[in-house]
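Colleague: Could you walk me through the core packing of this one? I would like to go step by step.

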Amino acid sequence: MRILVTGGAGFLGSHLCDRLIEQGHDVICLDNYFTGSKKNVEHLIGNSRFELIRHDITQPVLLEVDRIYNLACPASPVHYQYNPVKTIKTSLLGSVNMLGLAKRVRARILQASTSEVYGDPTVHPQTEEYWGNVNPIGIRSCYDEGKRVAETLFMDYHRQNKVDIRIVRIFNTYGPRMHPNDGRVVSNFIMQALQNKDITVYGDGLQTRSFCFASDLIEVILRMMEQTQSIGPINIGNPGEFTILELAEKVIKLTGSKSKIIKEHLPSDDPKQRKPDISKAKKILGWEPKVNLEEGLKQTIEYFRRELSKA
């Protein structure tokens, strides 16, 4: 098939491009390089089945494709709060443009939504039926509400225009090709530990997250796109739950770092608990994550170690 990946030069997008090329598809990678990087896909440049286009999805694009994976959007607080208006425009206008494209060429389109649609949840673990607890005017709203309105658009294009959609809600994901300065907890801790700097934990460190390794996540995204039982939304992530302090201690141990853990004030609207209920993903997609946190951290640490040695 001919497949479009928006945000294809980003962390997850580049891994998805790799898998699609391996499967024999023609892949068009669209990225404006706000958070993505050419180096994430440079090994694919020159492959006759890979095409790289610099483009911002807030602007329309005319292409002929069979599948669209809509992954374009800054996904870490540091990046999406840097230009919040741009962030929400990417979710809103980007979705309108990609859904319009899908409608015109009759392509199936998958929206990479997020666990952030649940906000600071009052239900634990989070199921797809939970409507969330989101501050519509907070500093994270540009991302949370942007992704929520994107889901609304996808469902309305499906109901009104019969567009063939899929929606996944991605929980915390980590792995090689993460941006070293994206402000996410895994990359923050690893970078600090490798440089023997103090590891910064916000609040009391007892807030929880569930971490899914990139290869597991790409596998379930591919399964979601090609099945016909459900349009979603379906939670995808690793239900293994760890406190932020436990993660910090694991990173220090695996890096052999001399870093000390220091605590700072908790940012506004930071969720206290985050854990996916993945029973739908298990039942409908026959999927559950295989890579445990320790193994995934080892691979991610090696990636960052190599990146630091090049600097």
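Here are some questions and answers on the nonpolar cores and one helix.

Colleague: Which helix gives the largest share of the largest nonpolar core?
Modeller: Happy to help, and do keep in mind that this is a predicted model. The largest core holds 61 residues, and Y69, V186, F189, L247 and L297 touch the most other members. A separate second core of 23 residues includes I57, I68, M98 and F154. Back in the largest core, the top share is 8 residues, and it comes from helix α6 (residues 214-226).

Colleague: What is F189 in contact with, leaving aside its neighbours within four places in sequence?
Modeller: F189 is among the residues touching the most other members of the largest core. With those sequence neighbours set aside, its partners are I199, T200, V201, I244, L247, A248 and V251.

Colleague: Why do the buried residues of α9 line one face of the helix?
Modeller: Good one! Helix α9 covers residues 293-310 and spans 26 Å between its end C-alphas, close to the 26 Å expected. Its buried residues are L293, G296, L297, T300, I301, Y303 and F304. Looking down the axis, these buried residues line one face because they fall within an arc of 165 degrees.

Colleague: Which exposed residues does the face of α9 turned away from its buried side carry?
Modeller: Let's start with the buried side, which packs against β7 (173-174), α5 (185-194), β10 (212-213), β12 (241-243) and α7 (244-255). The face turned away from that side carries the exposed S309 and K310.

Colleague: Which backbone nitrogen does N292 reach at the start of α9?
Modeller: The reach is made by a side-chain oxygen of N292. That oxygen comes to within 3.2 Å of the backbone nitrogen of E294.

Definitions and conventions. Residues numbered from 1 in each chain as written. Predicted model: local features only at pLDDT ≥ 70, side-chain atom pairs only at ≥ 80, totals over all residues. Heavy atoms only, no water. Core = buried A, V, L, I, M, F, W, Y, C linked by side-chain atoms within 4.5 Å. Buried < 20%, exposed > 50% of the residue type's maximum accessible area, 1.4 Å probe, protein only. Helix = DSSP H or I, 4+ residues; strand = E, 2+ residues; numbered from the N terminus. Contact = heavy atoms within 4.5 Å. Expected span 1.5 Å × (residues − 1). Arc of directions from axis to C-beta. Polar contact = N/O pair within 3.5 Å; in protein donor to acceptor, adjacent residues only side chain to side chain.
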